Amino acid sequence: MLGLKLPTDPRWVNIVEKNIEEILTDHAFCEQKATSTAISLIVSFPEYTELVQEMVALVKEEISHFKMVHDKILERGWTLGRDRKDEYVIKLMKFFPKGGSRTMQLVHRLLYAALIEARSCERFRLLSEELEDKELATFYRNLMVSEANHYTMFLGFARKYGDKKEVDTKWQQLLEYEAEIMSDLGKNETVHG
Ligand SMILES: [Fe+2]
Ligand SMILES: [Fe+2]
């Protein structure tokens, strides 16, 4: 359903399970970055009214996810650490060439966002199914549903504002590229690592 070309090796969950503090820390920053992305789309593309309206709603939702993760960290007696570098996102964002028309730049940013939501969703599903810690498994099940909706929304906007056929081709190419990046990952206790 998410279109991803390479599923995560379920053994990734065994790595995560050994260091819950690390995954929660990384995850908290993922939610914070999702919030920033939504704000940045509003700043860069103010004339896209429907997008702006949806991004306002998304800012609220993503910052509430951040708080949920932050609360989990505090409940377990920890303090939020520093941000972790997200090598996956850094590599992913090298795919589309810089520049082009405004619409093209918007489409590229929407496709990146859709893909990051899709992969996060897949990782959350794995956590919800495989974690021994049942409380945390339920937590990830609920978040998985939200991220799936975000994936659909971003892809929908890309198809709405761009040329549908062109967008679909770019989306397939981006999925192929992402699978290549992913083949080296799945070894760290981070959301995308
Ligand atoms: Fe989120
Ligand atoms: Fe999201």
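The following paragraphs describe the core, the pockets and the cysteines of this structure.

The structure is a predicted model, in which local features need pLDDT of at least 70 and side-chain atom pairs count only at pLDDT 80 or more, while totals for chains, interfaces and linings use all residues. Residues are numbered from 1 along each chain as its sequence is written, chains are lettered from A and ligands numbered from 1 in the order in which they are written, and side-chain values use heavy atoms, with hydrogens and water left out.

We begin with the interior. A nonpolar core is a set of buried Ala, Val, Leu, Ile, Met, Phe, Trp, Tyr and Cys residues joined through side-chain atoms within 4.5 Å; buried means under 20% relative accessible area, with a 1.4 Å probe and protein chains only. The largest such core holds 61 residues, and Leu51, Tyr88, Leu110, Leu111, Tyr140, Phe154 and Trp171 touch the most other members. At least two residues of this core come from each of the helices H1 (12-17), H2 (20-44), H3 (49-75), H4 (87-92), H5 (102-130), H6 (134-161) and H7 (164-182). Helices here are DSSP runs (H or I) of at least four residues, numbered from the N terminus.

Trp171 can be followed further. Leaving aside residues up to four places away in sequence, Trp171 touches Leu2, Leu111, Ala114, Leu115, Tyr151, Leu155 and Arg159, where contact means heavy atoms within 4.5 Å.

The next topic is the pockets. On a 1 Å grid over the protein atoms alone, a pocket is an open set of points where a 1.4 Å probe fits, with protein on both sides within 12 Å along at least five of seven lines; lining residues have an atom within 4 Å of a point. Volume is the space filled by probe spheres set on the points, which are joined across faces, edges and corners. The largest pocket encloses about 420 Å³. Its lining has 24 residues, and Cys30, Lys33, Ala34, Thr37 and Ile116 lie nearest the centre. H2 contributes the most to this lining, with 8 residues. The second largest pocket has a volume of about 180 Å³, and its lining consists of Met93, Phe96, Pro97, Lys98, Gly99, Gln105, His108, Arg109 and Tyr112.

Finally, the cysteines. The structure holds 0 disulfides, a disulfide being a pair of cysteine sulfur atoms within 2.5 Å. For Cys30, the nearest cysteine sulfur is that of Cys121, 14 Å away. Cys30 counts as buried because its relative accessibility is 14%, and Cys121 counts as buried because its relative accessibility is 5%.

Technical notes:
Buried means under 20% relative accessible area, exposed over 50%, partly exposed in between (1.4 Å probe, protein chains only).
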